[in-house]
Amino acid sequence: MFCPESLLTQVKSGTPAIGRRAGNDGEGETAMYDILVIGGGPAGLTAALYAARAGKTVAVVERENTGGQIVYAPLVENYPGLPAMTGADFAQQLTEQAEALGVALLWDEAEGLARENGGFAVRCGGGTYRSKAVVLATG
């Protein structure tokens, strides 16, 4: 993974606040993931899906609800292979598909990113999550 040094000191999630805030699941201090995705919009969930299908342990850090800006779309009709649907339905289907593949959804806000022991530590409000690689998909 390529990550410029300037990004390693401070990362703020750019995913919009949509819906209610959920709590941290408590795994942050002990779990080590192969890949940690910061951002639960369509790009982040898609990255998580592909990584999970490749046999990696994956978690998505999202501060509110999954879906990002697409949740507000009244109609999504340009996504290959899917019929037209609302943005909220599209986000729900992506989320359900990721969860079915074993992707962990961590309800927390990323506040910092640092290299640590050959991997990465993502500091969040509810704890620190560790992974071998990080995907930044903050919109």
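A salt bridge here is a side-chain nitrogen of Lys or Arg within 4 Å of a carboxyl oxygen of Asp or Glu. By this rule the count comes to four. The model is predicted. Three of these pairs come up below, once the fold is in place.

Start with the overall layout. The chain has two helices and six strands. Along the sequence they follow the pattern β-α-β-α-β-β-β-β. Buried residues account for 46% of the 139 residues. Of the contacts between residues at least 6 apart in sequence, 63% join residues at least 24 apart. The exposed area of the chain is about 7100 Å². Carbon and sulfur atoms supply 53% of that area.

Now the sheet. Six strands make an open sheet with mixed pairing, in the order S3-S2-S1-S6-S5-S4. Strand S3 (104-107) and strand S4 (110-116) are at the edges with a single partner strand each, so one side of each has no neighbour in the sheet. From one strand to the next, the twist averages 40°.

Strands of a sheet pair through backbone hydrogen bonds, either parallel or antiparallel. Both senses occur in this mixed sheet. Strand S1 (residues 32-38) runs parallel to strand S2 (residues 58-62), and four bridges join them. Val37 stands opposite Val60 in S2. Helix H1 (residues 42-53) packs on the sheet and touches S1, S2, S3 and strand S6 (127-136). The direction of H1 makes about 170° with that of S2.

S1 also pairs with S6, in the parallel sense, over six bridges. Met32 stands opposite Arg130 in S6 there. The antiparallel sense appears between strand S5 (residues 119-124) and S6, over five bridges. Arg123 has Thr128 in S6 as its bridge partner. A hairpin of two residues joins S5 to S6.

Turn to the side chains. Asp34 and Lys132 form a salt bridge, with the closest N and O atoms 3.1 Å apart. Asp34 lies in strand S1 and Lys132 in strand S6, so the pair ties together parts that are 98 residues apart in sequence. Asp34 is buried, at 18% relative accessible area. Lys132 is exposed, at 53%.

Arg63 and Glu109 meet in another salt bridge, 3.4 Å from N to O. This pair links two loops: Arg63 is in the loop between S2 and H2, and Glu109 is in the loop between S3 and S4, 46 residues apart. Arg63 is buried because its relative accessible area is 18%, under the 20% cut-off. Glu109 also counts as buried, at 19% relative accessibility.

Glu111 pairs with Arg123, again with 3.4 Å between the closest N and O atoms. Glu111 is in strand S4 and Arg123 in strand S5, twelve residues apart. Glu111 is partly exposed, with a relative accessible area of 26%. Arg123 counts as partly exposed too, at 40%.

One aromatic pair completes the tour. The rings of Tyr79 and Phe90 have centres 4.8 Å apart and planes at 55°, so the pair is tilted. Tyr79 lies in the loop between S2 and helix H2 (87-100), and Phe90 lies in helix H2, so the pair ties together parts eleven residues apart in sequence. Is each partner buried or partly exposed? Tyr79 is partly exposed, with a relative accessible area of 37%. Phe90 counts as buried, at 2% relative accessibility.

Key:
Residues are numbered from 1 along each chain as its sequence is written. This is a predicted model: local features need pLDDT of at least 70, side-chain atom pairs count only at pLDDT 80 or more; totals for chains, interfaces and linings use all residues. Side-chain values use heavy atoms; hydrogens and water are left out. Two strands pair if DSSP finds at least two bridges between them. Axes are lines fitted to C-alpha atoms, for helices over the stretch in contact, and angles run from 0 to 180 degrees between N-to-C directions. Contact means heavy atoms within 4.5 Å. Buried means under 20% relative accessible area, exposed over 50%, partly exposed in between (1.4 Å probe, protein chains only). Accessible areas come from the Shrake-Rupley method with a 1.4 Å probe; for residues, only the protein chains shown count as cover. Rings of Phe, Tyr and Trp (its six-membered ring) pair if their centres lie within 6.5 Å; planes under 30 degrees apart count as stacked, over 60 as edge-to-face and the rest as tilted.
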